[in-house]
Amino acid sequence: TGTGVSYHWNNNGLDIGGATSNTFTIASVVTGDAGNYTVDVTSSGVCVPAIVTSSTAVVIINTPAVITVQPTASQTLCTGSALNLSVSATGTGLSYQWNKGGTPIGGATSNTFSIASVVTGDAGTYTVDVTSSGVCAPGTVVSGNAIVLINTPAVITVQPTASQTLCTTSALNLSVTATGTGLSYQWKKNGVDIGGATSNTFTIASVVTEDAGNYTVDVT
């Protein structure tokens, strides 16, 4: 109330150009519109005070969660290596939940996720849910997939037969059993590669005297 009243709105103490009515409106706010709003009300009369300033209207702008840097899309690690995943995001009051195969990982609630020494079972597809505590939509966004492959070293679990004594024209059958990622085989006789002998088994249908020797297999 007052004689010949006029208005001027301010944000953080700075005049807002053209904001000279008793109302102030922004049709679609952005983050930069947050601040402390006041309005100076001026009377054209000679009464004191001629200008009064309103109490402060504190405007906080909530922003939705937006992922700005996705986790690494694919990693191939050896057992015993470290797995490190991270995500970068913007938004109000962000929280995080990492998942493996769509299932939440207990305690994995920061913007990073690490396993100090991976085992075969750690292979899988990892994602992270990023949630804003504001009321803006979308409240939660899901990252892209981080596919983790775990390579395992070659380990022989069943050795070839240690010793065989055969008659000429008998069959020689050797085999090896192993675990590991992408295994390949090379049989040797007396330390020399046997051409074409690249499976986990080695056979000679009918041995001759010259087939006697020490056989080994390299598993890679």
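This is a tutorial dialogue on reading a few features of a predicted model.

Biologist: Let us begin with the strands, since I am new to this structure; in what order do E20, E19 and E22 stand in their sheet, and is the pairing parallel or antiparallel?

Modeller: As a general idea, strands of a sheet pair through backbone hydrogen bonds, and they do so either parallel or antiparallel. In this predicted model, three strands form an open sheet in the order E20-E19-E22, with antiparallel pairing. The edge strands are E22 and strand E20, which covers residues 192–193, and each of them pairs on one side only.

Biologist: How many bridges join the strands, and which residues are partners across E19 and E22?

Modeller: Five bridges hold E19 and E22 together in the antiparallel sense, and one of the partnerships is that of Trp-187 with Val-217 in E22. On the other side, E19 and E20 also run antiparallel and are joined by two bridges, with Lys-189 standing opposite Val-192 in E20.

Biologist: Which residues of E22 make up its covered face, and which its uncovered one?

Modeller: The covered face of E22 consists of Tyr-215, Val-217 and Val-219, whereas Thr-216 and Asp-218 make up the uncovered face.

Biologist: Asp-218 brings me to charged side chains; how many salt bridges are there, and which residues do they link in a network?

Modeller: A salt bridge is read from a side-chain nitrogen of Lys or Arg within 4 Å of a carboxyl oxygen of Asp or Glu, and by this rule the count is two. Lys-188, Asp-193 and Asp-218 are linked in a network of salt bridges. Between Lys-188 and Asp-193 the closest N and O atoms are 2.6 Å apart, while the N to O distance for Asp-218 and Lys-188 is 3.3 Å. This second pair links distant parts of the chain, 30 residues apart, with Asp-218 in strand E22 (residues 215–219) and Lys-188 in strand E19 (residues 185–189).

Biologist: Why does Lys-188 count as buried, and why are Asp-193 and Asp-218 placed in another class?

Modeller: The reading rests on relative accessible area, where buried means under 20%, exposed means over 50%, and partly exposed is in between. Lys-188 counts as buried because its relative accessibility is 16%, whereas Asp-193, at 46%, is partly exposed, and Asp-218, at 36%, is likewise partly exposed.

Biologist: Where does Asn-11 lie, and which residues does its side chain contact?

Modeller: Asn-11 belongs to strand E1, residues 6–11, and counts as buried because its relative accessibility is 16%. A polar atom of the Asn-11 side chain lies 3.4 Å from the backbone nitrogen of Asn-36, and a polar contact of 3.4 Å joins the side chains of Asn-11 and Tyr-37.

Biologist: Which residues form a cluster with Tyr-37 through ring pairs?

Modeller: Aromatic rings can be read as pairs when their centres lie within 6.5 Å, and the structure holds six such pairs. Ring pairs link Tyr-37 with Trp-9 and Phe-24 into a cluster.

Biologist: Which residues form the nonpolar patch on the surface that includes Phe-24?

Modeller: Phe-24 shares that patch with Ile-26 and Val-29, and together they have about 210 Å² of accessible area. Ile-26 lies in the loop between strand E2 (14–15) and strand E3 (35–42), and counts as partly exposed because its relative accessibility is 31%.

Key
Residues numbered from 1 in each chain as written. Predicted model: local features only at pLDDT ≥ 70, side-chain atom pairs only at ≥ 80, totals over all residues. Heavy atoms only, no water. Patch = residues over 30% accessible without salt bridge, like charges linked within 9 Å, V, L, I, M, F, W, Y side chains within 5 Å. Areas by Shrake-Rupley, 256 points an atom, 1.4 Å probe, with all protein chains shown as cover. Helix = DSSP H or I, 4+ residues; strand = E, 2+ residues; numbered from the N terminus. Buried < 20%, exposed > 50% of the residue type's maximum accessible area, 1.4 Å probe, protein only. Phe/Tyr/Trp six-rings, centres within 6.5 Å; stacked < 30°, edge-to-face > 60°. Pairing = 2+ DSSP bridges. Polar contact = N/O pair within 3.5 Å; in protein donor to acceptor, adjacent residues only side chain to side chain.
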